[in-house]
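Please follow this walk through strands, helices and charged pairs with the coordinates open beside the text. Each stop can be checked directly against the backbone and the side chains.

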Amino acid sequence: MPQQPQAQPSPTPPKKKKIRVPRVINGVEQMVEIEVDDVAGPGWGPNDKHTLLNHRLTRVDGPLKVSGAAKYTYDVRLPNMLYGRVRRCPHAHARIKKFDSSAALRMPGVKAIIQTPLTEFRFAGSPVAAVAATTPELAQDAARAIVVEYEVLPHVVIPDAAIKANAPRVLPTEGPGGEDNLAAKGKQGDPQKVEAAFATCDAVVEAEYRTPRLHHCCLETHGMVVDFSGGDTATIYATTQGTFTIPQDAARELGLPQSAVTATVQHMGGGFGSKFGIGIEGMMACRLSKETKAPVKLMLTRTDEFLMTGNRSGSWQKLKGGAKKDGTLVAVQATQYRLGGVGQGSQAGQPYAVYRAADTYREIYALHTNEDSAIAMRAPGHPQTSFAIESLLDELAYKIGMDPVAFRKKNMPDAMYHRQLERGAQEINWAKRNPIPGGSPGPLKRGMGCAAGTWGGGGNDQCKVDVTVTRDGAVTVAVGTQDLGTGTRTFTRAIVAEELGLQIKDVVEQIGNSKLGGANASGGSTTAASLSPSVKDGAYKARMALAEKFSPLLGNAKPDEIVFANGNVSAGGKSLAWKQACAALPPAGVVAHGVWRSDLQTRGVHGAVFAEVDVDVETGKVRPVKLLQVQDGGLPLNRLTMESQINGGMIQALGMALYETRVMDADLGVQLNPSFVDYKLPGALEMPELIPLIDDEDKRELVIGIAEAAIIPAIGAIANAVFNACGARIRELPITPDKILMALAAERRSA
Amino acid sequence: MNTFEWMNVTTVAEAVNALKSAPSPADPDDAARPIAGGQDILTTMKDYITRPTRVVNLKGIRGLDKIESDGKGGLRIGALVTLSELEESPLVRRSFPGLAEAAHSVGTAQIRNLGTVGGNLCQRPRCWYFRLEEVVCLKKGGTECYAATGENKYHAIFGGGPSYIVHPSDLAPMLVALGTSVSVVGADGKRTIPLEKFFILPADGNLRRENVLKNEDIITDVQVPASKFAAHSTYLKFKERDSMDFAMSAVAAAVTLGANKTVSEARIVLGGVAPVPWRVPKAEAALVGKAMNNEVLTNVAKVALEGAQPLARNAYKVPLTQTLVRRALARVGGLAT
């Protein structure tokens with residue numbers, strides 16, 4: 001029998017109100033208007049009064065992960081399962097002339113070969129075909145044995161070349177997705193006014209900043225296991241950021257109704273914006289499974305992962321900023337190129353929203369190259385924009401001889417930044433830094449820099465949560481959402497446990513299955529603020545329903561007077577242990593349905609980072625010494641996870657600042673470093689001391705996501721610390737030893 | 001990787017026979033190959049850079065995994081000795097500290113636990129053009145070294161042309177500095193050659209190889225002779241990423257010091273800057289007879305980099321390597337830097 005909610009809806013339908021919330025489409029948050037109930041329910045209460053939330057909770061899936069028991073998509077093995085491998089196009093631009101898979105199909109163990117629907121390939125690495133075979137090795141051999149002949153077409157992979165009038169054309173002339181290599185995407189401000197404003201400035205800096213295309217580097221590569229043997233139903237084991245982004249597309253490929261397809265994602269090895277929908281690899285897995293009537297596992301190789309799963313948009317930003325001697329930022333002018341390959345790329349508009357200038361003008365363009373499409377990656381567009389503006393502001397501050405912290409504060413309208421910068425400066429002992437760039441003695445020079453960031457982090461109404469309490473006292477919270485490793489399982493349990501006066505271990509969560517209640521895709525830092533209000537609502541409704549049932553046991557106390565705490569339910573001097581009380585429930589127990597409440601969350605986070613580095617001016621080596629981030633986030637659901645998020649953000653920022661870059665060969669049009677040997681992620685020895693500081697002065701009793709906020713400011717802070725240390729301003733990321741040595745040599749020559 | 005025949009052997013003679021009797025390859029990179037730790041060859045096989053039809057496992061050969069004294073203060077190091085064993089050997093650490101440092105600088109602990117001395121010397125280039133399956137460069141039988149005009153940040157500033165690879169071995173520069181010989185067994189029996197002559201420049205020989213080995217040749221051991229300078233040896237490797245990386249540049253240095261830090265013998269060999277370990281005799285000569293001080297070392301460093309011919313993107317290697325020369329010599333000379 002289906003269970004009915006025990007909590008009764010209010011007798012009169014609540015008033016509605018319209019609000020704007022972020023919804024994630026392919027990893028990018030877009031603001032949409034929705035209608036919600038205009039009621040204020042019980043809130044979270046003061047941030048310092050929680051029994052579990054805002055504490056340091058070890059993650060509930062931690063033991064499974066460190067012991068290897070957690071099952072990822074990569075670990076799934078099914079009877080009769082075939083393995084898929086992909087054949088990629090090696091040319092940056094080519095049209096297919098001949099495709100002959102007959103010999104490959106005759107190879108041992110090979111069960112099916114399918115071609116992708118593409119006939120013209122606009123980047124090297126574009127998938128051409130896929131093979132299903134009885135082992136991954138046989139599939140790989142067969143993929144290589146397919147005979148493909150191409151008509152090779154002119155390509156361009158370097159932005160400086162692509163912008164030229166006579167450059168090879170990247171995208172089609174017309175039709176969907178057709179536009180010129182350089183495509184205007186918007187203008188804002190008054191160019192004449194800005195130009196006039198520069199004339200009133202005491203200092204003007206004009207410079208170009210560049211950030212390379214970067215890879216997500218998920219520990220688990222993209223892919224899925226399609227459990228379909230030609231019957232009426234299918235299960236998709238997916239490594240995805242959106243359980244509910246899978247069934248529809250998979251069903252279409254398999255020729256099944258959407259309701260016949262279940263997507264499951266129990267544990268997944270990271271997405272960072274790259275894993276929404278089934279992807280072309282999922283499409284191929286489904287088609288291979290459909291053709292062979294056998295389960296197919298198609299996980300991309302690491303090389304595939306670098307070459308065909310998208311990457312962070314690069315940027316090329318021409319900025320001009322002007323300031324008064326007193327530190328007032330007067331004008332900012334920007335020409336911003338989004339380097340999105342065959343895609344649109346992303347870049348927040350200049351000047352970055354943290355700062356205000358009286359007069360601003362910007363032009364934004366997409367500048368296309370024959371490279372894989374940029375896709376969402378942790379805080380799409382923000383790290384690029386932040387690095388450039390933070391560098392420009394730093395240059396201006398040094399030019400007018402003003403402390404970079406004071407200069408920033410002067411131009412930050414939001415006072416929360418002032419507090420965060422002051423705290424960070426105090427914690428890192430900013431006052432003790434050498435204010436003269438390169439001024440410290442000896443070859444190893446220490447420097448400090450700072451920067452700030454901003455993000456939304458609000459939620460939307462997509463999460464539907466069931467909280468079930470049974471007669472044996474077992475508590476289950478069920479919702480189809482996914483845990484990307486961000487701690488979703490843990491806070492989901494914690495909210496219910498706290499509401500019912502229990503401990504984390506007393507609650508079990510069921511997540512990662514599309515047959516459970518709906519949930520949003522995890523992008524744009526929207527998960528916590530979307531899920532937690534629904535969980536809270538379900539938990540609260542469950543508590544009220546339980547209280548009604550327990551009331552007769554507690555002297556007919558009013559439900560809202562019954563206290564759930566410390567594993568007991570109590571009222572009027574009477575107290576029952578949890579299990580004792582639950583034993584009195586009806587056979588079906590209690591089920592409550594939680595829906596989203598906008599009044600339990602909000603959007604808008606800040607964040608300031610201070611970086612301390614040593615630069616060896618004789619080798620160009622930067623040794624990161626310390627990274628410190630002051631981060632607000634409303635109510636921290638789990639302090640430990642929030643600190644981990646901040647640390648993880650700082651580490652990814654460190655990679656972007658100092659190590660990572662996608663290297664392309666202009667003539668061959670191929671990526672030269674599609675491996676973890678040559679694509680240099682920072683490792684253990686690169687780690688500085690990481691200091692994540694939660695800004696508890698943020699008294700908002702509301703949930704906000706901070707995952708993306710965590711990656712934004714550290715990049716500019718590190719770049720500025722490098723300048724403070726050695727006097728070389730590196731305007732193109734990553735800041736590698738060769739660039740520092742050459743910049744220092746150029747400075748010596750000009751001095 | 002391609003399918004291949006796996007052969008276990010227990011003697012060097014069997015190994016040589018197994019390699020020699022393999023079907024003659026269509027391409028040099030299809031030839032039968034020996035495998036020991038597999039830390040490099042497996043990566044080339046997985047990327048189809050080498051496609052051996054037969055792989056001969058040397059790990060079953062007894063006696064090649066020992067570090068022994070030669071009775072005269074020198075060392076005989078078997079080709080199957082792992083890099084971990086080398087870096088941890090008390091004998092090596094005491095008398096040949098630079099060699100222990102060079103071994104320690106390689107890859108990661110996992111790689112060093114499996115990688116061998118012989119394998120380290122026979123590594124294929126790390127050039128990213130060479131390592132891409134789709135790119136048929138000069139070293140793979142093509143007609144062009146794409147690094148010459150392409151992305152050459154990590155490439156040669158000495159000895160380049162027509163190929164601009166750098167030799168990836170960390171042991172090689174140090175062993176060359178220490179005057180090491182290498183013993184090789186092939187179809188015609190055993191021969192011993194100075195390690196300095198083992199590596200070949202692209203301009204001097206077969207572009208498809210980095211050394212004088214023939215297909216059926218097996219390195220059995222290297223001999224590091226006793227020397228006055230071995231005790232004052234060091235290997236200074238500069239990595240872009242400390243956690244795991246090949247040398248952007250490296251310096252193997254060894255000196256014999258007399259009174260007042262006067263240098264009577266010097267060996268300076270550069271790594272990461274040339275297709276072979278790059279000894280700089282003029283710099284050695286500039287140091288001999290001098291008392292070590294910072295001024296002398298600055299001059300020696302300058303001399304060491306004379307004649308460097310940087311490509312478009314690797315001019316930084318000149319000042320970087322100068323720094324490393326200076327610092328390596330300061331370290332062996334006990335000078336503060």
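In what order do the 3 strands of the open sheet of chain B stand, and is the pairing parallel or antiparallel? The model is a predicted one, and in it these strands of chain B follow the order β1-β3-β2, with parallel pairing. The edges of this sheet are formed by β1 (5-8) and β2 (33-35) of chain B, each of which pairs on one side only, and from one strand to the next the twist averages 30 degrees. Strand β3 of chain B, residues 54-57, is joined to β2(B) in the parallel sense over 3 bridges, and within this pairing P34(B) has V56(B) as its bridge partner in β3(B). A helix accompanies the sheet: α1 of chain B, spanning residues 12-20, lies across β1, β2 and β3 of chain B and runs at about 175 degrees to β3(B).

Chain A offers an open sheet with the other sense of pairing. Here 3 strands are arranged in the order β22-β23-β24 (chain A), and the pairing is antiparallel. Strands β22 (563-565) and β24 (574-577) of chain A are the edge strands, each pairing on one side only, while the twist averages 20 degrees from one strand to the next. Strand β23 of chain A, residues 568-571, runs antiparallel to β24(A) and is joined to it by 4 bridges; in this pairing N568(A) stands opposite A577(A) in β24(A). In general, the strands of a sheet pair through backbone hydrogen bonds, and they may do so in either the parallel or the antiparallel sense.

Both senses of pairing can be followed through another group of strands in chain A, beginning with a hairpin. Strand β19 (residues 465-469) of chain A pairs in the antiparallel sense with strand β20 (residues 475-478) of chain A over 4 bridges, and D466(A) has A478(A) as its bridge partner in β20(A). The hairpin of β19(A) and β20(A) has 5 residues between the strands, and in this hairpin G473(A) takes a positive phi near 90 degrees. Strand β20(A) is also joined by 4 bridges to strand β21 (residues 507-510) of chain A, but these two run parallel, with E509(A) in β21(A) serving as the bridge partner of V477(A).

From the strands, the path leads to a pair of helices in chain A. The axes of α15 (residues 639-658) and α16 (residues 713-726) of chain A come within 8 Å and cross at roughly 50 degrees, which means that α15(A) is oblique to α16(A). The crossing of α15(A) and α16(A) is right-handed. On the side of α15(A), the residues that meet α16(A) are M650(A), A653(A), L654(A), M656(A), A657(A) and L658(A), and their counterparts in α16(A) are A714(A), I715(A) and I718(A). Sorted by class, the contact of α15(A) with α16(A) has 9 nonpolar residues, no polar ones and no charged ones.

Charged side chains do pair elsewhere, and a search of the whole structure finds 73 salt bridges over all chains. One of these involves which partner of D38(A)? D38(A) forms a salt bridge with K17(A), and the closest N and O atoms are 3.9 Å apart. This pair links distant parts of the chain, 21 residues apart, since D38(A) lies in the loop between β2 (28-37) and α1 (62-67) of chain A, whereas K17(A) belongs to strand β1 (residues 16-25) of chain A.

Conventions
Residues numbered from 1 in each chain as written. Chains lettered and ligands numbered in written order. Predicted model: local features only at pLDDT ≥ 70, side-chain atom pairs only at ≥ 80, totals over all residues. Heavy atoms only, no water. Pairing = 2+ DSSP bridges. Axes fitted to C-alpha atoms, helices over the stretch in contact; angles between N-to-C directions. Parallel < 35°, antiparallel > 145°, perpendicular 65-115°, else oblique. Left-handed = near helix turned anticlockwise from the far one by under 90°. Contact = heavy atoms within 4.5 Å. Nonpolar A, V, L, I, M, F, W, Y, C, P; charged D, E, K, R; others polar. Salt bridge = Lys/Arg side-chain N within 4 Å of Asp/Glu carboxyl O.
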